[in-house]
Amino acid sequence: MAHKKGSGSSRNGRDSVGRRLGIKIYGNQYANSGNIIVRQRGTKHHPGKNVGIGKDHTLYAIKNGYVSFKKIRNNKSIVSIIETQTG
């Protein structure tokens with residue numbers, strides 16, 4: 001018995017929806033407290049000063065200021081918020 005499907009059948013018509021990951025606020029851009037900076041799977045970018053991390057490894061701003069990305073030893077990326085001086 002042949003295993004040829006009839007015309008019009010599609011066996012690989014499935015695709016998942018994109019997860020909208022990546023950097024949302026880039027370096028030297030202003031972020032308000034609570035703004036999401038990076039959405040990621042795992043810790044590709046690590047939190048620095050004034051940056052929090054969620055249970056899904058999302059990095060977010062704790063204080064208002066400018067976003068800073070910095071590479072340190074072992075090519076590790078640190079995301080920090082540099083507060084603006086007022087007064």
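## A buried glutamine and its polar contacts

A polar contact is a pair of N or O atoms within 3.5 Å, and within protein one of the two must be able to donate a hydrogen and the other to accept it. With that in hand, let us start at Gln-40 in this predicted model. A polar atom of the Gln-40 side chain lies 2.9 Å from the backbone oxygen of His-57. The side chain of Gln-40 also reaches the backbone nitrogen of Lys-44, at 3.3 Å.

Where does Gln-40 sit along the chain? Its place is in the loop between β3 and β4, the latter spanning 45–47. Gln-40 counts as buried because its relative accessibility is 5%, and the cut-off for that class is under 20%. Leaving aside residues up to four places away in sequence, Gln-40 touches Leu-21, His-45, Asp-56, His-57 and Leu-59.

## Strand β3 and its partners

Just ahead of that loop comes β3, covering 36–39. Strand β1, made of residues 22–23, pairs with β3 in the antiparallel sense over 2 bridges. Within this pairing, Ile-23 has Val-38 of β3 as its bridge partner.

β3 also runs antiparallel to β6, and 2 bridges join them. Here Ile-36 stands opposite Tyr-60 in β6.

## The nonpolar core

Which residues make up the largest nonpolar core? There are 10 in all: Ile-25, Ala-31, Ile-37, Val-38, Val-51, Leu-59, Ala-61, Val-67, Val-79 and Ile-81. The elements giving two or more residues to this core are β3, β6 (59–61) and β8 (76–82). Val-38, the bridge partner of Ile-23, is thus met again as a core member. Leu-59 is likewise part of the core and is touched by Gln-40.

Ala-61 is a good residue to look at more closely. Not counting residues up to four places away in sequence, its contacts are Ala-31, Asn-32, Ser-33, Gly-34, Asn-35, Ile-37, Asn-50 and Ile-81. Among them, Ala-31, Ile-37 and Ile-81 are also listed in the core.

## Two salt bridges

How many salt bridges does the structure hold? It holds 2. In one of them, the side chains of Asp-56 and Arg-39 meet at 3.4 Å, N to O. Asp-56 lies in the loop between β5 (51–53) and β6, while Arg-39 belongs to strand β3, so this pair ties together parts 17 residues apart in sequence. Asp-56 is partly exposed, at 32% relative accessibility, and Arg-39 is partly exposed too, with a relative accessible area of 24%. Asp-56 is also one of the residues that Gln-40 touches.

Glu-83 and Lys-63 also form a salt bridge through their side chains, at 3.9 Å, N to O. This pair links distant parts of the chain, 20 residues apart: Glu-83 is in the segment after β8, and Lys-63 is in the loop between β6 and β7 (65–72). Glu-83 has a relative accessible area of 37% and is partly exposed; Lys-63, with 37%, is partly exposed as well.

## An aromatic pair

A search of the whole structure turns up 1 aromatic pair. Tyr-30 and Tyr-66 form it in an edge-to-face arrangement, with 5.2 Å centre to centre and 75° between the planes. Because Tyr-30 lies in strand β2 (residues 30–31) and Tyr-66 in strand β7, the pair ties together parts that are 36 residues apart in sequence.

Are these two tyrosines buried or exposed? Tyr-30 is partly exposed, its relative accessible area being 39%. Tyr-66 also counts as partly exposed, at 38% relative accessibility.

Note on methods. Residues are numbered from 1 along each chain as its sequence is written. This is a predicted model: local features need pLDDT of at least 70, side-chain atom pairs count only at pLDDT 80 or more; totals for chains, interfaces and linings use all residues. Side-chain values use heavy atoms; hydrogens and water are left out. A nonpolar core is a set of buried Ala, Val, Leu, Ile, Met, Phe, Trp, Tyr and Cys residues joined through side-chain atoms within 4.5 Å. Buried means under 20% relative accessible area, exposed over 50%, partly exposed in between (1.4 Å probe, protein chains only). Helices (H or I, at least four residues) and strands (E, at least two) are DSSP runs, numbered from the N terminus. Contact means heavy atoms within 4.5 Å. Two strands pair if DSSP finds at least two bridges between them. A salt bridge is a side-chain nitrogen of Lys or Arg within 4 Å of a carboxyl oxygen of Asp or Glu. Rings of Phe, Tyr and Trp (its six-membered ring) pair if their centres lie within 6.5 Å; planes under 30 degrees apart count as stacked, over 60 as edge-to-face and the rest as tilted.
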